[in-house]
Amino acid sequence: MVDVQIKEKFVAIVGAENYDDSKAGCLVYSYDATPNFQSMPDAVISPRNAQEISQILKICSSRGIPIVPRGSGTNLCAGTCPTEGGIVLLFKHMNKIIEIDEENLTATVQPGVITLDMINQVEARGLFYPPDPSSMKISTIGGNINENSGGLRGLKYGVTRDYVMGLEAVLANGDIIRTGGKLAKDVAGYDFTRLLVGSEGTLGIITEATLKLIPLPEAKQTMLALFQDLEQAAKSVSKIIAEKIIPATLEFLDQPTLKAVEDFAQIGLPTDVKAVLLIEQDGPVDVVEKDMQKMAEICQKQGAVSVQLAKSEQEAEALRTARRAALSALARLKPTTILEDATVPRSEIANMVNAINEISQKYGLSICTFGHAGDGNLHPTCPADARDKNEMERVEKAFEEIFIKAIELGGTITGEHGVGVMKAPYLELKLGQAGIDAMKAVKTGLDPNNILNPGKIFAKDNRKRVVVTQ
Amino acid sequence: MTTLKEQSVIQEEFEKRMDEDELLNCMRCGFCLPSCPTYVESGFKEAHSPRGRIALMKAVADGLIEPDEDVERSLDLCLGCRACEPVCPSGVKYGHLLEEARDIINQNKKHSLPVRAVRNLVFNGLFPHQNRMRAAAGLLGFYQRSGLQSAARKTGMLNWLPKNFSAMEKVLPQVPKLKEMKNRPSYFPAEKPVKKAAFFTGCLMDTMFLETNNATIKLLQLAGCEIHIPQNQACCGALHGHSGEKQTAKDLAKRNIEAFEKLSADYIITNAGGCGAFLIDYDHLLKDDREWHERAVKFSEKLKDISQILFELEFHKKVHLELPGQVVTYQDSCHLRNVMKTSIAPRTLLNSIRGIEFREMKDADRCCGSAGIYNIVESEMSMQILDHKMIQAKSANAAVIVTSNPGCLLQMKLGIEREGLQHKIKAIHIADILLEAACAK
């Protein structure tokens, strides 16, 4: 409960219509897309500008009230679940594209802009913003920046981090800072832009971003390669990269995932094969054609039973859309869909796919795997039932083994979903104690009262836990 | 207002009756958000989104929160357009959850006396009885023909009514005479019958929109169907089902199943997307009824919309369709599109009319705000949605807006009236325009 006097102060800042502490109003911001996490905030505030956020943060700092910034709540690490209560901060009023600068090739936006809306605006001008998380039709740029979201085009074009040039952010003490700018080169002090990207709302509240744009590629082609053997598909991925081709998209879907996706999308995906690769290349027409042909040959050499080129942009878009729906489509299978995000160097993708299969057999689980094979970022997904304690414990153990295996192969516990609460207990696996201490020092320095999205990234103890609540 | 005692009963019922698996099936990915008209129109309020509503239903069932006014408000503001269903990768059956939740709330809450009286009159006294529907429509016809209407309009008496009602009064179609409504035959032969079709005439369609029903019959004949119209059919029950009167809806469903199964027709045809979607869901409505479930499945399997059956029987290839040059656009009926999955057929049929230009309207798949009686009970939101719809209609620059459901048709007429575009744009049911195109030579 926010105390009455404090509530009055908040209302004075944002207006009564932008402050909600009703039970229903709070309940609908008690979750994000992460299974099994739910916690009620005390109030939900929708500020209209950075100055209001600054005033709100000053109050929160002095009173020790937790504050959780939230875009559309599509994240998968419980990063926006208000696990310690407090205020959920919404950006629905701060959703404008401020400027698209065609001379400097930048877009300046407010955090509440929907990713796809911005992409469409930018592409209408012949420009390109590559990061395309699967939730881009729903997600906000602010959310993407805070989680450093990836997407289907990550392998060739990088992730959100690679396109953030400058930020405006409000710090825990209410100070408003600006980092970077429309500058290709800028070494004035620490790179705070990069520090804030992926900080999951724990270091500051981002209120504006300047994003890098590039020219829109001239042409694009899409194809599906079908395999009757998982390893052949995985090996094709490594071979393509080894042949010095970097495709725009190189996605992997196994049979159970294909079945679930086809069940939803009904676009005639092959469900009788063990795996498919969704491959795309963009660029100048002749380069695209040459690369596509070469990749088709590589897949065939590895044993692909068929390689099919999309006949139209419509068909290609249907394939991409279907792939983006993979996770949610898997939710058809069982009530609780536990998804992971282990990532390995791409040369290790075949080893990782094999390891996931062995681990799922060992624990008697069916794990469906899909993901951005081209950048080593897989999404092993386990359809389970949260009401079945025994099964959830096996899921827990299986994922722990998957994480350990990923680290062993030179990988990481999360490629693009973030740490949040869900993966906090495993962070040490990747960073070691010294790494965690260094990060904590940054956190404490910028947010001494621990009000900015508390409980995220750093585990309270080292109890390993992805899904089992005790 | 619900009392605390009512709330606790409602909560218990939620725990007992809400389908836990279906609630859990929502993995909260949010893919539904952009498709939800009330989420967008409310300025992105999660409580007015499908994900938010499911979370609220689950929270009530789990005992996390009470079913207070805000929860009820969230459920009331839902159009029930079900646009969230086709975009849901997990396949959550949102419409079923909503219906169950509304039924629980309505059955366990004491409405104020006037509300109870109106609900009872409409849900039990009027719609289940076709003869009374006819009589009511007859009254309206009397009002229109007797000079009362022009008197009412002249004296400004209608201005006393809420703004929407007076506009609505203007767009109601000319009601046919009682005799016409009562004396239609129950069998129409085709020249060369290829299929046996049973026609679900609908209560509103068979009174106020009798012309459209007659057109539907002619189209079916042209497509090679003989048509049977079971006389003991009843209202489909959609209005009841969507308003928390499930028991009456079930009774009506049984009456209809009984009326139609005897005919053993190849198809059961409807020309109202709203009715069709409810009829096709009879198997779900009666899923717990051993005696009736199987019969309901058989009924649902035969159900098709008029545009779908014409498309399948290749009506547009057999019959020459032509109209004078004009731009024609199509507004989807949400239930026809999202529940009956019929969206290509009407467009193909319209595209086959020579002379006209079919132009797709942006967001044609988005609800127009009619949604049964939503435009009366939630008129503010409904009109906001309609205004945005009209912006799209205007930029499509069409002279004709085609729809496939009486509610949508009236709402589009209302939109045209509100914009003062009566002389530029007309709204018409797809059966009417198709018959016009088939006859015009």
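## Chain B and its domains

In chain B, the C-alpha centres of domain 1 and domain 2 are 33 Å apart. The model is predicted. Four domains make up the division of chain B. Domain 1 spans 4–107 and domain 2 spans 113–178. Domain 3 follows at 182–310, and domain 4 at 315–439.

How confident is the prediction? The mean pLDDT of chain B is 92. A score of at least 70 is reached by 98% of its residues. For the model, ipTM is 0.95 and pTM is 0.94.

## Where the chains meet

Chain B brings 27 residues into contact with 28 residues of chain A. On the chain B side, three helices each give two or more residues: α2 (20–25), α4 (50–62) and α5 (69–76). The largest share comes from α4(B), with 4 residues.

What classes of residue form the side of chain B that touches chain A? Nonpolar residues number 15. There are also 7 polar and 5 charged residues.

## Chain A and its annotated region

Chain A is also divided into four domains. They are domain 1 (4–90), domain 2 (97–215), domain 3 (219–322) and domain 4 (330–446).

An unreviewed UniProt entry annotates residues 37–216 of chain A as "domain: FAD-binding PCMH-type". Over those residues, the chain is 22% helix and 24% strand. The C-alpha atoms at the two ends of residues 37–216 are 39 Å apart.

## One helix in chain A

Helix α4 of chain A covers residues 115–123. Which of its residues are buried? They are A:T115, A:M118, A:I119 and A:V122. Viewed down the axis of α4(A), these buried residues fall within an arc of 100 degrees, so they line one face of the helix. In an α-helix there are 3.6 residues a turn, so residues three or four places apart point the same way.

What do the buried residues of α4(A) pack against? Their partners in chain A are the strands β5 (97–101), β6 (106–109) and β7 (127–128), together with helix α5 (141–147).

## Domains 3 and 4 of chain A

The C-alpha centres of domain 3 and domain 4 of chain A lie 24 Å apart. Contacts link 18 residues of domain 3 to 17 residues of domain 4. On the domain 3 side, the elements giving two or more residues are α8 (230–242), β13 (249–254) and α9 (255–265) of chain A. Helix α8(A) gives the most, with 7 residues.

By class, this side of domain 3 of chain A has 11 nonpolar, 2 polar and 5 charged residues.

Notes: Residues are numbered from 1 along each chain as its sequence is written. Chains are lettered from A and ligands numbered from 1 in the order in which they are written. This is a predicted model: local features need pLDDT of at least 70, side-chain atom pairs count only at pLDDT 80 or more; totals for chains, interfaces and linings use all residues. Domain bounds come from an automatic or database domain assignment. UniProt positions are given in the numbering used here, feature names are shortened, and annotations may be inferred rather than shown by experiment. pLDDT is the predictor's confidence in each residue, from 0 to 100. Two residues are in contact if their C-beta atoms, placed from the backbone, lie within 7 Å. Ala, Val, Leu, Ile, Met, Phe, Trp, Tyr, Cys and Pro count as nonpolar, Asp, Glu, Lys and Arg as charged, and the others, Gly among them, as polar. A residue is buried if 20 or more other C-beta atoms lie within 10 Å of its own, exposed if 12 or fewer, and partly exposed in between; C-beta atoms are placed from the backbone. The arc is that of the directions from the helix axis to the C-beta atoms.
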